[in-house]
Amino acid sequence: PLSLASNLRLPARNDPDWPNVEIAGKGKLGNLDIDLDIRTPVRDLELDAAGTRLDLTLKGSANEMTARLGLPVTRAPEQSAVLSLSTNAQPGSVSRLEASLAVDKDLFSLSGTVRPGPTGRRIEGLMRAVGTDVLPYIGLMRGSESEVAFSGTSQIVMRQEGISFSNIDLGLGAGRLTGEGVMEFASKVSGTRNNLTANLLLDALDLDPFLPAFDPETGWSETPIGWQLLGASDANLQLRLTNAALLGVPVDALRTNIKLIEGVLEAPDITASILGGQFEFDAQAEGGELTPSFQFIGSFTDFDLDRLLTHAYARSTLRALVSGNFSFQGRGTSTRNIVASLSGAAQVEIQSGTFEAFNVVQLRNGLGVFKDRTQDELADAYFWKGRENFSRGLGLLALREGHLQTNALEILRQDDRLLAKMSGYIDFVEQRLEVQSLFFNSLGRKALSLDLTDALDAPRYAVTRVDAPSTQ
């Protein structure tokens, strides 16, 4: 509800302020405070008459302000916002415009003009934005440790039909967004929705703050989610990423065309270069009024396993390239629900390379010498001091209820005898793993068992001898 009380001052001809008319008002828009001042030399209150000035201010809760502007409601109750608008009409039906929106410590401003146009008045100007965290404006709350500061500018033209953006240059953390686009407003007459068409380049962006994170104490968040951003507007986007990072892994390049209609996102034929590998896949996601869900289907070639393992654990156990195909999907109303629903499958083929953690014979012999010593002492003596060559590896993986499982991941020596056979699972829900690897000597006989258990980011290991021979 809107309420406004105002005072009108009409000076007489002998008044020094004649012919200026002054209006001063105060009121409420919901719980927002309104301050209004108008000063004009014409008595029919035409705001575009030369010499007319308007000043409007709205103050109040940040959540109510962002909700009325169609933005996600993600602010703390004590945070406030101020929207101010000032116009100063010039001769020739042109008005200078200054507008700003302050949300807590963030500031958005527009400096430009209001001009006549073929379908009504239009606003042209330079928009500036600077703030501590962009995530709340797209409906994400990640905490102060994941804030993504933003600062940048864009030229805009606002018409009755929509808004166009050009020369977008926005810093996002250490990254930068550039490009151009047009937002066409919804039409009740034609039944169309808001539609954004844009060509965007994201360079050097860290994607991790935009993703949910696992908390070692509380696990995945069970806070309800809706992915409302997907339902905010239809869209056709040409998107390119360069020099980005995902889970800390470098993403050299990614290119995709995104189509978004009524909360359903489709991105066919995505291409990406990650750790030397080439990925091609299709993506689909749903949100807005629909239950959040996603699906990825694709393949990859020449992915550098050495670089991935070195990134994850500081040292690599396998130096080889890997290719394969994959499909996985998830659905749920919270991050934990989605992770627990993950399902899919993958097939991988490891090219020839080296196993770097140890030499099978050396470590087996060392177990006899160190049988009364700790696993750490054994590791210090024999880990990363020997290697094994192999010709290839093959694996089938299944993803069920957030568990990545395999009973058929094998690495073969040059003569196609087994070097290692792995089985077990990785639990993405609780971020734990339980994997057993059997290692074979050059004659194809079982020699060692290596078990990895506990936390995924810091697994415990246990190495034991396997004395029962098994010829392959």
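Visitor: Before we look at the sheet, when do two strands count as a pair?
Guide: Happy to start there. Strands are counted as paired when DSSP finds bridges between them, and the minimum number of bridges is two.

Visitor: Thanks! In what order do the three strands of the open sheet stand?
Guide: This is a predicted model, and its open sheet is built from three strands with antiparallel pairing. Strands S18 (318-319) and S22 (388-390) stand at the edges with a single partner strand each, so one side of each has no neighbour in the sheet. The order is therefore S18-S21-S22.

Visitor: Which residue is the bridge partner of Leu-318 in S21?
Guide: Let's go by way of the strands. S18 pairs with S21, residues 353-355, in the antiparallel sense, and two bridges link them. In S21, the partner of Leu-318 is Phe-355.

Visitor: How many residues does the hairpin use to join S27 to S28?
Guide: Strand S27 covers residues 446-455 and strand S28 covers residues 460-465. The two pair in the antiparallel sense over six bridges, and one bridge sets Asp-451 against Ala-462 in S28. The number of residues through which the hairpin joins S27 to S28 is four.

Visitor: Is Thr-335 buried or exposed?
Guide: Thr-335 lies in helix H4, which spans residues 335-341. Leaving aside residues up to four places away in sequence, Thr-335 touches Pro-212, Trp-220, Ser-221 and Ile-225. The cut-off for burial is under 20% relative accessible area. Thr-335 has 13% relative accessibility, so Thr-335 counts as buried.

Visitor: Stepping back, what radius of gyration does the protein chain have?
Guide: Good moment to zoom out. The C-alpha atoms fill a box of roughly 115 × 40 × 35 Å along the principal axes. A compact globule of 472 residues would come out near 23 Å, but the radius of gyration of this chain is 31 Å.

Visitor: How many strands are there in the protein chain?
Guide: The strands we visited include S18, S21 and S22 of the open sheet, and S27 and S28 of the hairpin. Alongside six helices, the number of strands in the protein chain is 28.

Visitor: And how far apart do the centres of the positive and negative side chains lie?
Guide: One last look, at the charges and the surface. The accessible surface comes to about 25700 Å², with 53% belonging to carbon and sulfur atoms. The chain has 44 positive and 59 negative side chains, and the distance between the centres of the two sets is 2 Å.

Notes
Residues numbered from 1 in each chain as written. Predicted model: local features only at pLDDT ≥ 70, side-chain atom pairs only at ≥ 80, totals over all residues. Heavy atoms only, no water. Rg over C-alpha atoms; globule rule 2.2 N^0.38 Å. Areas by Shrake-Rupley, 256 points an atom, 1.4 Å probe, with all protein chains shown as cover. Lys, Arg positive; Asp, Glu negative; His and termini not counted. Charge placed at Lys NZ, Arg CZ, Asp CG, Glu CD. Buried < 20%, exposed > 50% of the residue type's maximum accessible area, 1.4 Å probe, protein only. Contact = heavy atoms within 4.5 Å.
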